[in-house]
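This briefing walks through one structure for a reader who has the sequence and the coordinates at hand. The notes are grouped by topic and are best read with the model open beside them.

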Amino acid sequence: MNLSTFILLSLGVGVIFGTILNTSFPSSIALIDQNFLAPIGESFLRLIQFVVVPIVFSSLIMGLTRLQGAGQVGRYTAKLMTSYVVTSSIALCVGMGTAYILQPGSGVTGFSNAESISITETPSLTSWLVSLIPVNPLEALSTGNLLQIIFSAVLLGIGVQLAKEKARPFIDLIESIYHISEKTLSIILYVAPLGVFALMSSVIATQGLELIAKLFLYVLGLFIASSIMICLDLLALFFLKADPLRFLRSLSEAIALAFGTASSNAALPVVLQNIQENYGLREEIASFAIPLGTALKRDGAAILQGFNALFVTQIYQVPLTPSLLTAIAVSSLLVSFSTPGVPGSALITMATVLSAAGLPLEAIALVAGIDRLTDGFKTVVNIIGNSVNAIILSRWEAEVIPVPEVEKISAA
């Protein structure tokens, strides 16, 4: 039995175990969750996050040393950002369109809005761009700030290229770190089924199935929107002749882990490993595009934010005007690029979208309980969209790669 199948089985067993706890042993839920399920799930997430920073940092530098200077880095970034905006806009339209057709918020009643959500002011674009520059690269590594880590790796990668042979000891060290981190990851993945079982059991046991029943149309709508976006991604691979079935098989471990952990950051090392070793994406592209996409590319978040905003308008019977739709679309798209890749982050960023659209912020409490379950859909869409955009870049770059001199001579 391969790891992806084992993880999916653990998910199913976790749902069954959590349901039994919730329905038959409600008095034991707190004791079992606090002393067994929650600690195991949290420990597994921490183990995965343990290898995220060294793998991302080392793979980025190794990839950048294979690029032809800052010009190629800039070209990669420009092309990736272009495809990010286009595909995230499509994801947003899918989310809003699904919510508009299904009307999941119509007739939803019986929820308490007592839960308070803390709102923080959204930083300006200028402040956000300035914050990408770390004062201390070691601090960026220690705090796990992916965007600052990417910025640090790009600067160091360019410096390595300029230093040439004098940088060889540093490159050898980075390669050692990468290979050691990969082996460490392979050890950690042995406990992935147990960690995923604990995480899913904890959610089902504490939240229960009653909430899912009340918000069934909401969950169904998000599942449909996520499925549509995944189909569009696979269709793009089909037109690129990039073998979508092999793509899904190659990323099966990463997809199962993403759904179980609901964290793009936690799935990042496995995505990076699967897309290179199983699918065969070029290392210099994978090592640059996958970490950058994990930090910025959030198709699942774009779907969720647009869907949630229309869900709220339906609950409160707010008429959809062109200005309201524009506010929802623009704010959802911008927020999707700044949503952290950790469970529950969409609830906080949802406040920014509702505030920009003038919708009631207390509506966040309506979906707070179900968010952990729908987070799995969002994370799977995130990693598939990120990987597809990396493949798009690979095919796009194939048109500008110069023909080697040897081939020119042979042709002559």
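Asp243 lies in the loop that links α10 and α11, and in this predicted model its phi is near 55°, a positive value in a residue other than glycine. Lys241, placed in the loop between α10 and α11, likewise has a positive phi, of about 55°, although it is not a glycine. The points below take up this loop, then the overall make-up of the protein, its nonpolar cores, two helix pairs and a few individual residues.

**The loop between α10 and α11**
- Lys241 has a relative accessible area of 73% and is therefore classed as exposed, the cut-off for that class being over 50%.
- Asp243, with a relative accessible area of 35%, is partly exposed, because this value falls between the 20% limit for buried residues and the 50% limit for exposed ones.
- Helix α11, on the far side of this loop, covers residues 244-250, while helix α10, which precedes the loop, covers residues 216-239.

**Overall make-up**
- The secondary structure of the protein comes to 20 helices and 0 strands, and buried residues make up 51% of its 412 residues.
- Among contacts with a sequence separation of 6 or more, 84% are between residues that lie 24 or more positions apart.

**Nonpolar cores**
- The largest nonpolar core has 112 residues, of which Tyr218, Phe247, Ile275 and Phe288 touch the most other members.
- Helix α2, which runs over residues 29-64, gives the most to this core, with 13 residues.
- A second, separate core of 6 residues includes Leu21, Ile29, Leu37 and Ala198.
- Once neighbours within four places in sequence are left aside, Phe247 is in contact with Leu234, Leu237, Ile275, Tyr279, Ile384, Ser387, Val388 and Ile391.

**The pair α12 and α13**
- Helix α12 (residues 252-261) packs against helix α13 (residues 264-278) at an angle of about 175°, with the two axes 9 Å apart.
- The two helices are therefore roughly antiparallel to each other, a description that applies to angles over 145 degrees.
- On the α12 side the contact is made by Glu253, Ala254, Leu257, Ala258 and Thr261, and on the α13 side by Ala266, Ala267, Val270, Val271 and Asn274.
- Sorted by class, the residues of this contact of α12 with α13 are 7 nonpolar, 2 polar and 1 charged.
- Spacing along a helix is useful background here: an α-helix has 3.6 residues a turn, so residues three or four places apart point the same way.
- Val270, one of the α13 residues in the contact, is also the place where α13 bends by about 35°.
- Helix α13 is mostly covered, with 13 of its 15 residues buried, and it is followed by Gly280, whose phi is positive, near 90°.

**The pair α1 and α2**
- Helix α1 (residues 3-24) and helix α2 pack at an angle of about 145°, and their axes are 10 Å apart.
- Phe17, Leu21 and Asn22 of α1 meet Ile29, Ile32 and Leu37 of α2 in this contact, whose residues divide into 5 nonpolar, 1 polar and no charged.
- Leu21, Ile29 and Leu37, which take part in the contact between these helices, are also among the members of the second core.

**Individual positions within helices**
- Phe57 is placed in helix α2 and has a relative accessible area of 14%, so it counts as buried, the limit for that class being under 20%.
- Not counting residues up to four places away in sequence, Phe57 touches Leu141, Ile149, Ala153, Leu156 and Ile174, and its C-alpha atom is separated by 8.5 Å from that of Ser152, which is 95 residues away along the chain.
- Asn308, in helix α15 (residues 299-315), is buried, with a relative accessible area of 3%.
- Leaving aside neighbours within four places in sequence, Asn308 is in contact with Met350 and Tyr218, and Tyr218 is one of the residues that touch the most other members of the largest core.
- Ala236, in helix α10, is partly exposed, with a relative accessible area of 26%.
- Ala236 and Ile391 are 155 residues apart in sequence and 9.9 Å apart in space, C-alpha to C-alpha, and Ile391 is also one of the residues in contact with Phe247.

Notes:
Residues are numbered from 1 along each chain as its sequence is written. This is a predicted model: local features need pLDDT of at least 70, side-chain atom pairs count only at pLDDT 80 or more; totals for chains, interfaces and linings use all residues. Side-chain values use heavy atoms; hydrogens and water are left out. Axes are lines fitted to C-alpha atoms, for helices over the stretch in contact, and angles run from 0 to 180 degrees between N-to-C directions. Helices (H or I, at least four residues) and strands (E, at least two) are DSSP runs, numbered from the N terminus. Angles under 35 degrees count as roughly parallel, over 145 as roughly antiparallel, 65 to 115 as roughly perpendicular and the rest as oblique. Contact means heavy atoms within 4.5 Å. Ala, Val, Leu, Ile, Met, Phe, Trp, Tyr, Cys and Pro count as nonpolar, Asp, Glu, Lys and Arg as charged, and the others, Gly among them, as polar. The bend at a residue is the angle between axes fitted to the seven residues ending there and the seven starting there. Buried means under 20% relative accessible area, exposed over 50%, partly exposed in between (1.4 Å probe, protein chains only). A nonpolar core is a set of buried Ala, Val, Leu, Ile, Met, Phe, Trp, Tyr and Cys residues joined through side-chain atoms within 4.5 Å.
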